[in-house]
Amino acid sequence: MTERHPRLTVMLTAFCGLLLTLLPLPHWLAIVRPQLLVLTVIYWSIMIPRAGGLLLGFAAGLAIDVFQGSVLGEHALALAFVTYLAVRLNLLLRAKPLFEQSLFVFAALMVYEFVLWVIDGWSGHPLSTPTRWLHTLTGGLIWPVVAGVLGRFHATR
């Protein structure tokens with residue numbers, strides 16, 4: 001399945017990431033939960049940029065917007081921008097060890113959250129507490145686990 005249909009694998013793992021992102025959790029745990037859909041899109045944009053590219057990032061962002069009830073296009077714009085960075089730097093990032101990839105993912109998640117923060121400010125939504133930035137740290141820390149799990153779904157060339 002993975003060699004012949006990489007787009008199907010990308011879509012199925014992105015759907016699982018969406019479900020894990022939308023899973024209701026207690027408030028104290030939801031604060032530190034990493035954005036698993038964003039991590040999944042970043043992974044596929046780095047490893048298979050033709051199968052998981054800007055369209056995947058934009059569609060995944062729209063799905064988050066629809067299901068969370070935020071400003072339509074807010075997450076889509078932020079995730080498309082982060083996906084563009086990952087696709088643009090994919091050859092450089094694939095050659096790096098997981099620690100350096102984790103630093104890039106942390107920076108990409110900070111950019112993602114910054115774009116969301118700016119859009120929230122411009123649209124008049126309340127700019128929440130500093131805890132809104134915690135999931136970027138946990139996303140960077142959990143990146144080696146995400147890369148290991150998603151790496152099982154495709155064969156490297």
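This passage describes the largest pocket, the largest nonpolar core and two buried residues of a predicted model.

The largest pocket encloses about 660 Å³ of space. Its lining is made up of 24 residues, and those closest to the centre of the pocket are Gln 35, Gln 68, His 75, Glu 113 and His 135. Several helices take part in this lining, since at least two residues are supplied by each of α1 (6-22), α2 (27-30), α5 and α7 (98-122). The largest share comes from α7, which provides 4 residues of the lining. When the lining residues are sorted by character, 12 are polar, 7 are nonpolar and 5 are charged.

Attention now turns from the pocket to the nonpolar core. The largest nonpolar core contains 36 residues, of which Ile 42, Ile 46, Tyr 112 and Trp 143 touch the most other members. At least two residues of this core are supplied by each of the helices α1, α3 (36-47), α4 (54-68), α5, α7 and α8 (134-151). The greatest contribution is that of α3, from which 10 residues of the core are drawn. For Trp 143, when neighbours within four places in sequence are left aside, the contacts include Ile 42 and Ile 46, together with Leu 39 and Tyr 43. Contacts of Trp 143 are also found with Leu 98, Gln 101, Ser 102 and Val 105, again with neighbours within four places in sequence left aside.

Two residues were then examined individually, one in α5 and one in α4. Thr 83 lies in helix α5, which spans residues 74-88. Thr 83 is classed as buried because its relative accessible area is 0%, and a residue counts as buried when this value is under 20%. Apart from neighbours within four places in sequence, the residues in contact with Thr 83 are Val 41, Ser 45, Gly 53, Leu 54 and Gly 57.

Ala 60 is located in helix α4, and with a relative accessible area of 8% this residue is therefore also buried, its value being under 20%. Once neighbours within four places in sequence are set aside, Ala 60 is in contact with Leu 37, Val 41 and Leu 79. Val 41 thus appears among the contacts of both Thr 83 and Ala 60. The position of Ala 60 can also be described relative to Phe 15: the two residues are 45 residues apart in sequence, while their C-alpha atoms are 8.6 Å apart in space.

Notes:
Residues are numbered from 1 along each chain as its sequence is written. This is a predicted model: local features need pLDDT of at least 70, side-chain atom pairs count only at pLDDT 80 or more; totals for chains, interfaces and linings use all residues. Side-chain values use heavy atoms; hydrogens and water are left out. Buried means under 20% relative accessible area, exposed over 50%, partly exposed in between (1.4 Å probe, protein chains only). Contact means heavy atoms within 4.5 Å. On a 1 Å grid over the protein atoms alone, a cavity is a set of points where a 1.4 Å probe fits but cannot get out, and a pocket is an open set with protein on both sides within 12 Å along at least five of seven lines; lining residues have an atom within 4 Å of a point. Grid points are joined across faces, edges and corners, and a volume is the space filled by probe spheres set on the points. Ala, Val, Leu, Ile, Met, Phe, Trp, Tyr, Cys and Pro count as nonpolar, Asp, Glu, Lys and Arg as charged, and the others, Gly among them, as polar. A nonpolar core is a set of buried Ala, Val, Leu, Ile, Met, Phe, Trp, Tyr and Cys residues joined through side-chain atoms within 4.5 Å.
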